[in-house]
Amino acid sequence: MYDVIIIGGGPAGITAGIYCVRAGLKTLVLEKNAIGGQIASSPLVENYPGAPEISGVELASIFEKQAEDLGVQIEYEEVLKITTGKVKKVTTDYTSYEGKVLIIATGAKYRLLGLENETNLIGNGISFCTSCDGAFFKNKDVAVVGGGNSAAVNAIYLSKICNKVYLIVRKDKMRSDSTLIKKIEETDNIEILYKSVVTKLIGNEHLTGINYQMDGEDKSLEIEGLFLSIGLDAQTELVKDKLTLSEDNYIQSEDCLTNEEGIFVAGDCRVKTLRQLTTATSDGAIAATKAINFLEDY
Ligand SMILES: Cc1cc2nc3c(=O)[nH]c(=O)nc-3n(C[C@H](O)[C@H](O)[C@H](O)COP(=O)(O)OP(=O)(O)OC[C@H]3O[C@@H](n4cnc5c(N)ncnc54)[C@H](O)[C@@H]3O)c2cc1C
């Protein structure tokens with residue numbers, strides 16, 4: 001029987017593990033892919049205090065070593081089912097475990113365009129995060145794909161760094177707030193390409209351009225960066241029948257507490273305004289502290 005079972009070995013789950021094990025709890029992290037979660041696919045991280053200019057893979061391996069050295073047990077298994085109650089049962093693709101507390105840290109996944117070579121170009125021209133990667137495109141030409149608020153905010157953010165920002169919008173108008181649209185229209189170096197869909201990514205090792213269709217007509221652009229702002233999907237399928245989710249499937253929580261006693265949540269999978277390393281690790285610490293307090297009266 002574990003004191004704490006953490007589902008997800010991203011920054012949130014690993015932080016929770018470190019806090020729990022240092023509080024003397026028997027702690028298990030279950031990770032279906034690789035420790036580090038999303039950050040493992042980032043070539044360079046510059047905004048995480050204490051680790052200037054570090055690759056995502058390197059940061060992830062430090063997370064893993066630190067957690068294991070402190071005594072966190074990490075198993076590479078996918079959690080397929082959880083059962084609630086005083087003792088929680090977790091069924092994986094390999095075996096099953098019992099724990100007094102669960103911390104859900106299953107994160108989120110950025111939506112892709114579904115084009116050839118797209119996953120290879122992530123971190124090599126394709127990005128999802130302007131505050132993470134925008135600085136790498138100083139004075140370059142880039143494009144943002146999307147028509148909502150996050151696309152608008154990203155285009156405005158990039159316009160201050162880049163030479164030119166194309167905003168590729170599928171419909172004939174933006175869905176974002178009118179104040180953001182006004183700001184975009186007033187920004188000289190943003191050009192909105194309405195009724196446009198990216199059809200091809202150009203470049204093998206690094207993105208050099210795109211082909212797109214504007215109102216059915218084939219066109220192309222030479223750009224070095226393509227920021228996808230077409231949505232982020234919460235990885236919460238596992239808990240959809242157990243925990244209260246928002247309309248877009250993120251876990252509702254206050255201070256990392258969920259509607260189920262003894263189940264806590266941390267990181268990108270919960271409703272929040274900013275999904276970053278710092279906010280994920282912050283959540284991990286809070287969820288673990290709540291779990292530690294909960295176990296005092298278990
Ligand atoms: C390319 C890229 C670059 C980024 N760059 C930066 C940056 O420079 N700075 C920054 O602050 N942020 C950056 N981010 C955002 C940052 O990586 C995320 O905010 C952070 O990783 C969220 O951490 P998390 O632990 O909540 O979730 P995740 O990182 O999504 O980790 C969740 C983990 O849970 C696992 N999991 C999910 N379901 C299951 C299951 N059923 N069973 C077992 N395991 C499961 C997943 O495999 C994953 O490893 C970047 C994101 C991407 C994609």
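The following exercises, with worked solutions, concern a predicted model with a ligand.

**Exercise 1.** Describe the shell around the ligand by its closest residues, its composition by class and the elements that supply it.

*Solution.*
1. The ligand is surrounded by 40 residues, of which Gly8, Gly10, Gly37, Gly107 and Gly267 are the closest.
2. Sorted by class, this shell holds 18 nonpolar, 17 polar and five charged residues.
3. At least two shell residues come from each of α1 (11–22), β7 (108–110) and α7 (277–296).

**Exercise 2.** Determine where the ligand shell lies with respect to domain 1 and domain 2.

*Solution.*
1. Domain 1 comprises 2–109 + 232–296, and domain 2 comprises 112–228.
2. Both domains give residues to the shell around the ligand; therefore the shell lies between them.

**Exercise 3.** For Asp255, state the location, the sign of phi and whether the residue is buried or exposed.

*Solution.*
1. Asp255 belongs to the loop that runs between β16 (232–234) and β17 (263–265).
2. Its phi is near 55°, a positive value in a residue that is not glycine.
3. In general, most residues other than glycine have a negative phi.
4. Asp255 has 10 C-beta neighbours inside 10 Å. The cut-off for an exposed residue is 12 or fewer, so Asp255 counts as exposed.

**Exercise 4.** Carry out the corresponding analysis for Cys256.

*Solution.*
1. Cys256 is placed in the loop between β16 and β17.
2. The phi of Cys256 is positive, near 70°, and the residue is other than glycine.
3. Cys256 has 26 C-beta neighbours inside 10 Å. A buried residue requires 20 or more, so Cys256 counts as buried.

Terms used
Residues numbered from 1 in each chain as written. Predicted model: local features only at pLDDT ≥ 70, side-chain atom pairs only at ≥ 80, totals over all residues. Near = placed C-beta within 6 Å. Helix = DSSP H or I, 4+ residues; strand = E, 2+ residues; numbered from the N terminus. Nonpolar A, V, L, I, M, F, W, Y, C, P; charged D, E, K, R; others polar. Domains from an automatic or database assignment.
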